[in-house]
Amino acid sequence: MEGRGGFTNNSGPRYWEMTVVNGKRGERRIAAKDFFVSMMSTALGPDEIIVSARFPRHERHAWQHFSRRTGDFAIVAVACTLQNGELKIGVGGAEDKPLVFEFRNEKAEAIPAKVRDAVNPAGNPRVPALYRKELVEVLTRRALARVLHG
C-alpha cells in the first residue's frame, strides 16, 4: 500500500470526490475521504491500480504547496474550493492523512488561523511541527486570497 496513489495526495488534497480502482476482484469506488489510511498509505489493495478519479467542477479553486526542491513531495499543501457559498479547505502534509475544513459565513481574515489551530502535525528533526503549522496558515491565506479575489 505504501507510495501508491501519490498523484492524488500531491495534486491537492481533497480536490477529488471519488477514485475508481481495478484489481483481481474487479472495479470498486473509494470515496476521497476514505482513500488515505495514513502517511504514504492508501486503501488500495496489493493487486489494485487507480483507473480514474472524479474531479468536480467548482466556481473557484486554488492550490498552494511548499517543498524544498522542485519535484519533491510537498511539506504542506493546501487546496481551497468555493461552490455555492461553501468554502472547503483541504490540507495535506500536516498530519498523517489529508484534512478537510468547511466554512460558511466565516470572516475570511479569521480562516487561516482557524485552520492552523486545527491541525496537529507531528514534528521531526527536519521539519518541526510549529513550522508545518505556520506553513498551513500562510498557504491557506494565499489559496483563500486566490479563490476570493482571483
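# A tour from strand S8 outward

Select Val-78 first: its bridge partner in S8 is Val-91. What you have open is a predicted model, and the tour starts from this pair of valines and works outward.

**Stop 1: S7 and S8.** Extend the selection to residues 76–83, which are strand S7, and to residues 86–92, which are strand S8. The two strands pair in the antiparallel sense, with seven bridges between them. Move to the turn end of the pairing, where Gln-83 has Glu-86 of S8 as its bridge partner. Two residues separate the strands, and together S7 and S8 form a hairpin. Select Asn-84 in that turn; its phi is positive, about 50°.

Now colour S8 by accessibility. How many of the seven residues in S8 are buried? Five of them are, so the strand is mostly covered.

**Stop 2: S8 and S9.** Add residues 99–103, strand S9. S8 and S9 are also joined in the antiparallel sense, here over five bridges. To see one of the pairings, select Lys-88 and its bridge partner in S9, Glu-102. These strands form a hairpin as well, with six residues between them. In the turn, pick Gly-93, which has a positive phi of about 90°.

**Stop 3: the sheet.** Add residues 60–66, strand S6. The four strands now shown form an open sheet, ordered S6-S7-S8-S9, with antiparallel pairing. S6 and S9 are the edge strands: each has a single partner strand, so one side of each has no neighbour in the sheet. Look along the sheet for its twist, which averages 15° from one strand to the next.

**Stop 4: the helices on the sheet.** Select residues 129–149, helix H4. H4 packs on the sheet and touches S6, S7 and S8. The direction of H4 makes about 150° with that of S6. Then select residues 111–118, helix H3. H3 lies across S8 and S9, and runs at about 145° to S9.

**Stop 5: Val-136.** Within helix H4, select Val-136. Is Val-136 buried or exposed? Its relative accessibility is 0%, so Val-136 counts as buried. Show what Val-136 touches, leaving aside residues up to four places away in sequence: Val-76, Val-78, Val-91, Ala-94, Val-115, Arg-116 and Val-119. Val-78 and Val-91 in that list are the bridge partners from the start of the tour. For a distance to check in the viewer, take the C-alpha atoms of Val-136 and Gly-93: they are 9.2 Å apart, with the two positions 43 residues apart along the chain.

**Stop 6: the aromatic pair.** The count of aromatic pairs comes to one. Select Phe-66 and Tyr-131, whose rings are arranged edge-to-face, with 6.5 Å centre to centre and 75° between the planes. Phe-66 is in strand S6 and Tyr-131 in helix H4, so the pair links parts of the chain 65 residues apart. Both rings belong to residues with some accessibility: Phe-66, at 31%, counts as partly exposed, and Tyr-131, at 36%, counts as partly exposed too.

**Stop 7: Glu-48.** Leave the sheet and select Glu-48, in the loop between strand S4 (41–42) and strand S5 (49–54). Glu-48 has 7% relative accessibility and therefore counts as buried, the cut-off being under 20%. What does the side chain of Glu-48 contact? There is a polar contact with the side chain of Arg-28, at 2.7 Å. A polar atom of the Glu-48 side chain also lies 2.6 Å from the backbone nitrogen of Gly-45.

**Stop 8: the whole chain.** Clear the selection and show everything. The protein has four helices and nine strands, in the order α-β-β-α-β-β-β-β-β-β-β-α-α from the N terminus. Of its 150 residues, 39% are buried. The exposed surface comes to about 8,700 Å², and carbon and sulfur atoms supply 50% of it. If you draw a contact map restricted to residues at least 6 apart in sequence, 54% of the contacts join residues at least 24 apart.

Terms used
Residues numbered from 1 in each chain as written. Predicted model: local features only at pLDDT ≥ 70, side-chain atom pairs only at ≥ 80, totals over all residues. Heavy atoms only, no water. Buried < 20%, exposed > 50% of the residue type's maximum accessible area, 1.4 Å probe, protein only. Contact = heavy atoms within 4.5 Å. Areas by Shrake-Rupley, 256 points an atom, 1.4 Å probe, with all protein chains shown as cover. Pairing = 2+ DSSP bridges. Axes fitted to C-alpha atoms, helices over the stretch in contact; angles between N-to-C directions. Polar contact = N/O pair within 3.5 Å; in protein donor to acceptor, adjacent residues only side chain to side chain. Phe/Tyr/Trp six-rings, centres within 6.5 Å; stacked < 30°, edge-to-face > 60°.
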